[in-house]
Amino acid sequence: MKVCVIGSGPSGLTTIKQLLDEGHDVTCFDKNEHVGGIWYRNNKTDIDQMKVYDKMMLTISMGLMGYSDFIVPEMSQRKYFTRERYLKYLTAYAEKFHLTDHIRFGCEVVEVRRAPVERFKVVVMANGKRSEHEFDAVAVCAGPFQKPQTKVTDLDKFTGDVSHSSRYRNAERFRGKRVLVVGLAESGADVLRQISDVASECVLTVRSRSFLLPRLFGGRHSSDEGDIRAHNYEQWVRATDVPFPIKGLFGDNPLSRAAFRVSAAATGFATAAALKVREMFEPSADEQDRDVPFDKMGQPTFPRQMDHDAELRPEYMRFINEWNRKSHHDKGNWTVKIILCKNATWVPNAVNGKITIDDSGIERMEGNRVHFKDGQVKTFDAIVMCTGFERDFSLLGPDIEVKDNNVRNLYKHAFHPDHKGRLAFIGFVRPFAGGIPACSEMQARYFAQLCSDKLSLPADVRDRIRAEKAWEEKFTELSPNCTESIPSQSIFQDGIAHEIGALPSIWKILSNPRLFARYWFYPANHAFYRLVGPHAQPEVALHELMTEPRGQLTISGLTAMFSALMLMPHKVHPVDHVFPVDLNAASPKRAATEPTQLRVLDGDRDVAVTA
Ligand SMILES: Cc1cc2nc3c(=O)[nH]c(=O)nc-3n(C[C@H](O)[C@H](O)[C@H](O)COP(=O)(O)OP(=O)(O)OC[C@H]3O[C@@H](n4cnc5c(N)ncnc54)[C@H](O)[C@@H]3O)c2cc1C
Ligand SMILES: NC(=O)c1ccc[n+]([C@@H]2O[C@H](COP(=O)([O-])OP(=O)(O)OC[C@H]3O[C@@H](n4cnc5c(N)ncnc54)[C@H](OP(=O)(O)O)[C@@H]3O)[C@@H](O)[C@H]2O)c1
């Protein structure tokens with residue numbers, strides 16, 4: 001089939017690869033001159049484009065950022081890449097699979113519309129010339145974050161320097177200035193830290209508090225090692241009465257669900273016992289790391305860091321816990337319902353007074369003065385908006401639409417039900433704690449199968465869209481503007497893998513308890529999706545899965561807790577996500593022995609018990 005891919009960023013590259021694996025004839029158009037999307041920088045031509053900034057570190061380790069068909073050692077080591085290293089990884093992927101042979105650089109797609117006999121017309125501008133091309137299928141991989149969102153009260157009345165994080169490259173322009181940063185998510189976190197290091201005054205104003213997760217746990221684990229399925233299942237499936245619509249390993253059948261829960265609990269208790277024995281004999285975390293010179297971000301291992309250039313200290317953890325408590329309006333945050341900011345690099349400057357926080361909001365602006373709702377008035381030289389992005393599907397012709405510009409109206413955030421899976425939007429899915437490129441890979445595998453006619457969209461696709469949208473909206477209700485966000489990467493990927501046959505059956509996996517323990521109680525590792533199904537690489541995948549070290553949540557106490565909870569009614573669940581302030585608790589030995597608060601919700605009664 002003749003397929004067009006728009007964009008050669010991380011999503012476009014993997015889409016080309018998955019389509020080539022299925023033998024399709026692929027042409028990709030990219031307006032840039034190189035692969036890599038926002039990760040490729042050319043300081044001469046991209047000053048006015050959305051690009052990553054000079055000094056930046058991924059918020060997600062390679063464990064969840066890399067592709068399952070291009071495994072590198074840093075993936076199981078859960079190392080964080082800088083933008084330069086990540087671009088190298090993407091370029092190496094493109095080279096290894098000869099993807100650039102299929103890409104036409106310097107070609108901007110200005111319109112996609114329907115053509116007769118269920119085909120698509122793609123209109124391209126290159127060197128000032130317009131051309132039209134017909135394809136059987138199209139994948140839009142033009143990037144979820146291209147058009148800055150700049151709605152800030154009275155911004156047009158401010159006479160100082162105004163900019164958006166998408167054009168931010170470094171803090172030099174703000175040296176010695178009085179700066180207001182608006183919005184705090186992952187862009188805000190980096191920009192705020194860099195500017196507050198050099199500004200004469202730095203104020204942060206927020207209207208909501210994204211949930212803070214430092215990149216490193218206990219100074220040694222990457223935060224996404226905490227993305228274990230037992231934990232995700234607990235948070236977003238079991239400990240709630242909201243119907244769970246996404247099929248995964250345990251499917252819809254009540255019998256297989258019950259079998260799954262019992263088997264998971266049994267495997268979990270056995271795993272917890274084995275872990276307990278190991279923990280009794282293994283050296284402490286500090287002893288283990290004595291000869292490890294660098295942490296997962298490439299910083300010296302000691303003193304332990306909690307984030308990039310941010311030491312692990314009790315006062316910082318206390319700040320984070322307090323911030324997170326407010327992020328959920330004091331209502332408990334075990335079932336997180338707001339986007340996560342996996343970047344706490346700015347916290348030391350908030351604690352040491354280089355950053356002042358306003359959470360009352362902006363009332364009005366005049367000249368270079370900003371009036372806050374709590375009555376304070378401050379003068380600024382510059383405002384930097386870290387206010388995110390608008391959804392932009394302006395390249396779609398009048399006969400194609402994404403309803404309300406909301407990708408939750410598409411099946412798996414990708415497929416419009418009217419186009420039989422021949423039109424896909426890939427990369428418009430943002431896990432709370434996970435990598436967009438890996439989700440794109442899974443969507444692209446589905447798309448490639450649909451194009452080969454080996455699969456078709458489910459008959460009840462509209463009902464499924466509705467149900468999955470309701471579920472996602474419920475669990476992102478404190479971030480209603482982030483319509484591409486999903487609570488759990490592994491739940492999302494399992495759902496698609498189930499449809500394309502890339503998820504081992506429940507019976508196969510239950511027959512191998514060691515593999516099951518890896519699947520359910522160890523950090524999510526998407527090599528799992530290459531064990532079976534289309535273009536599987538079982539040997540490589542199995543080796544990757546069985547050799548990955550356990551993460552910070554794979555300790556005996558928590559494994560036993562998750563196992564016990566599987567057997568309990570959903571009204572019994574832990575109270576809150578709180579990070580240990582006692583730094584020693586970051587070592588497996590200590591954390592395993594800490595008591596856990598469970599909450600039993602019984603009608604109006606809300607009882608906390610200690611387990
Ligand atoms: C500072 C920063 C850090 C980030 N860190 C992370 C992280 O740690 N983990 C994570 O998962 N995500 C991160 N992201 C999000 C990041 O955007 C995505 O991970 C990733 O870049 C998405 O890839 P993509 O291919 O979908 O989009 P993009 O990288 O935006 O690539 C889109 C491509 O499409 C091309 N294109 C667009 N429109 C057209 C058109 N009309 N015609 C032709 N070509 C077109 C562009 O030239 C570009 O090459 C970060 C974003 C920023 C800004
Ligand atoms: N180092 C890294 O890896 C890194 C760095 C930067 C970005 N990223 C990635 O890039 C993507 C975009 O992130 P982002 O931080 O740019 O955008 P974002 O996640 O959409 O966050 C925008 C933030 O701005 C707030 N906001 C919007 N308008 C506001 C206003 N008028 N006043 C106050 N606050 C306002 C939003 O709050 P509301 O929820 O209240 O709307 C939200 O918290 C994400 O996928 C992120 O993971 C990663």
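Two residues are taken to be in contact if their C-beta atoms, placed from the backbone, lie within 7 Å. The structure is a predicted model, and the points below concern helix α5, the nonpolar core and a sheet of three strands.

**Helix α5 and its surroundings**
- The buried residues of α5 pack against the strands β10 (178–182), β11 (201–205), β17 (340–341) and β22 (382–385), and also against α10 (347–351).
- Helix α5 is mostly covered, with 11 of its 13 residues buried, among them E186, D190, R193 and Q194 as well as V191, L192 and I195.
- The 13 residues of α5 (residues 186–198) should span 18 Å at 1.5 Å a residue, and because the end C-alpha atoms are 19 Å apart, the helix agrees with that expectation.

**The largest nonpolar core**
- This core holds 164 residues, of which V138, A139, V181, I195 and F447 touch the most other members.
- Helix α11 (residues 436–451) gives the most to this core, contributing 10 residues.
- When residues up to four places away in sequence are not counted, A139 touches V3, V5, I6, T15, A424, I426 and F447.

**The sheet β4-β5-β6**
- Three strands form an open sheet in the order β4-β5-β6, and their pairing is antiparallel.
- Strands β4 (108–115) and β6 (129–135) stand at the edges with a single partner strand each, so one side of each is left without a neighbour in the sheet.
- From one strand to the next, the twist averages 20°.
- Strand β4 is joined to the antiparallel strand β5 (residues 119–126) by seven bridges, and R114 stands opposite F120 in β5.

Note on methods:
Residues are numbered from 1 along each chain as its sequence is written. Chains are lettered from A and ligands numbered from 1 in the order in which they are written. This is a predicted model: local features need pLDDT of at least 70, side-chain atom pairs count only at pLDDT 80 or more; totals for chains, interfaces and linings use all residues. Helices (H or I, at least four residues) and strands (E, at least two) are DSSP runs, numbered from the N terminus. The expected span of a helix is 1.5 Å times one less than its number of residues. A residue is buried if 20 or more other C-beta atoms lie within 10 Å of its own, exposed if 12 or fewer, and partly exposed in between; C-beta atoms are placed from the backbone. A nonpolar core is a set of buried Ala, Val, Leu, Ile, Met, Phe, Trp, Tyr and Cys residues joined through C-beta atoms within 7 Å. Two strands pair if DSSP finds at least two bridges between them. Axes are lines fitted to C-alpha atoms, for helices over the stretch in contact, and angles run from 0 to 180 degrees between N-to-C directions.
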